[in-house]
Amino acid sequence: MFEKGEYIIYGNNGVCEVQDYMLPEEAGDQRIYYVLAPVRSKGSTIYSPVDNQKVFMRRVMSKEEARELIDRIPEYEDIEIPEVRNQEQQYKEILQNCDCTDSLRLIKALYTRKEQRETAGRKITAVDEKYLFLAKDSLLNELAIVLEMDVDDVDQMLAEKMKGLENA
């Protein structure tokens with residue numbers, strides 16, 4: 001079980017704080033529920049069974065893991081997305097796994113594609129833009145909580161790391 005006050009990743013809701021535990025008042029339901037506060041949806045509350053098998057839950061990464069993830073950005077290869085017609089499904093699967101390294105690799109790939117399209121005088125595709133936003137939103141919120149930084153500062157730090165790769 002996660003502890004009160006601990007930050008976790010709760011599926012597509014991203015970073016949530018475990019605020020409390022509760023037993024529902026419904027007759028027959030003896031399961032314990034987490035009371036979660038999503039970081040990106042201030043004022044919202046999620047109630048989830050502690051033994052929930054349908055939604056992926058994990059602890060946020062440690063500060064050391066976050067620093068290592070950022071330091072290793074040059075080493076991570078972009079995720080290959082070979083078939084245009086299956087791109088959105090591949091993006092969804094990557095994000096549903098809630099793996100920070102895969103999310104970062106997806107961000108790198110989409111950032112590179114965006115830069116290439118802009119250089120060619122074209123706009124990023126709507127699907128690429130959507131999943132770049134979703135991947136960044138999830139990863140940046142987790143990194144901001146762990147590193148005790150503002151989300152915009154984390155975004156700028158990652159952008160600088162990735163821009164440095166273009167010149168390498």
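**What pattern does the chain follow when read along the sequence?** In this predicted model, the chain follows the pattern β-β-β-β-β-α-α-α-α-α when read along the sequence, with 5 helices and 5 strands in the chain. The C-alpha trace spans about 60 × 35 × 25 Å along its principal axes, and buried residues make up 39% of the 168 residues. Among contacts between residues at least 6 apart in sequence, 52% join residues at least 24 apart. The mean pLDDT of the chain is 89, and 95% of its residues reach 70 or more; confidence is highest in β3, at 96, and lowest in helix α5 (residues 151-166), at a mean of 83.

**View 1. The open sheet of 5 strands, with antiparallel pairing.** In general, the strands of a sheet pair through backbone hydrogen bonds, either parallel or antiparallel. Here the order of the strands is β4-β3-β2-β1-β5, and the edge strands, each of which pairs on one side only, are β4 and β5 (57-59). Neighbouring strands of this sheet are turned by 45° against each other on average, when direction is ignored.

**View 2. Strands β2 and β3, and the helix that packs on the sheet.** Strand β2 (residues 15-22) and strand β3 (residues 33-38) run antiparallel and are joined by 6 bridges; Tyr 21 has Tyr 34 in β3 as its bridge partner. Helix α4 (residues 126-147) packs on the sheet, where it touches β1 (7-10), β2 and β5, and the direction of α4 makes about 70° with that of β2.

**View 3. The surroundings of Ser 48 in strand β4.** Ser 48 belongs to strand β4, which covers residues 46-49, and this residue counts as buried because its relative accessibility is 0%, where buried means under 20%. The side chain of Ser 48 is joined to that of Asn 52 by a polar contact of 3.1 Å. If neighbours within four places in sequence are left aside, the residues in contact with Ser 48 are Tyr 10, Ile 32, Tyr 33, Tyr 34, Leu 36 and Met 57. Among these contacts of Ser 48 is Tyr 34, the residue in β3 that is the bridge partner of Tyr 21.

**View 4. The buried face of helix α2.** In helix α2, which covers residues 87-96, the residues Gln 87, Tyr 91, Ile 94 and Leu 95 are buried. Seen down the axis of α2, its buried residues fall within an arc of 95°, and they therefore line one face of the helix. These buried residues of α2 pack against α3 (100-119) and α4, the latter being the helix that also packs on the sheet.

**View 5. Positive phi values at Cys 98 and Glu 148.** Cys 98 comes just after α2, in the loop between α2 and α3, and its phi is near 55°, a positive value in a residue other than glycine. Is Cys 98 buried or exposed? Cys 98 counts as buried because its relative accessibility is 10%. Glu 148, placed in the loop between α4 and α5, has a positive phi of about 55° although it is not a glycine. With a relative accessibility of 66%, Glu 148 counts as exposed, a term that means over 50%.

Note on methods. Residues numbered from 1 in each chain as written. Predicted model: local features only at pLDDT ≥ 70, side-chain atom pairs only at ≥ 80, totals over all residues. Heavy atoms only, no water. Helix = DSSP H or I, 4+ residues; strand = E, 2+ residues; numbered from the N terminus. Buried < 20%, exposed > 50% of the residue type's maximum accessible area, 1.4 Å probe, protein only. Polar contact = N/O pair within 3.5 Å; in protein donor to acceptor, adjacent residues only side chain to side chain. Contact = heavy atoms within 4.5 Å. Pairing = 2+ DSSP bridges. Axes fitted to C-alpha atoms, helices over the stretch in contact; angles between N-to-C directions. Arc of directions from axis to C-beta. pLDDT = per-residue confidence, 0-100.
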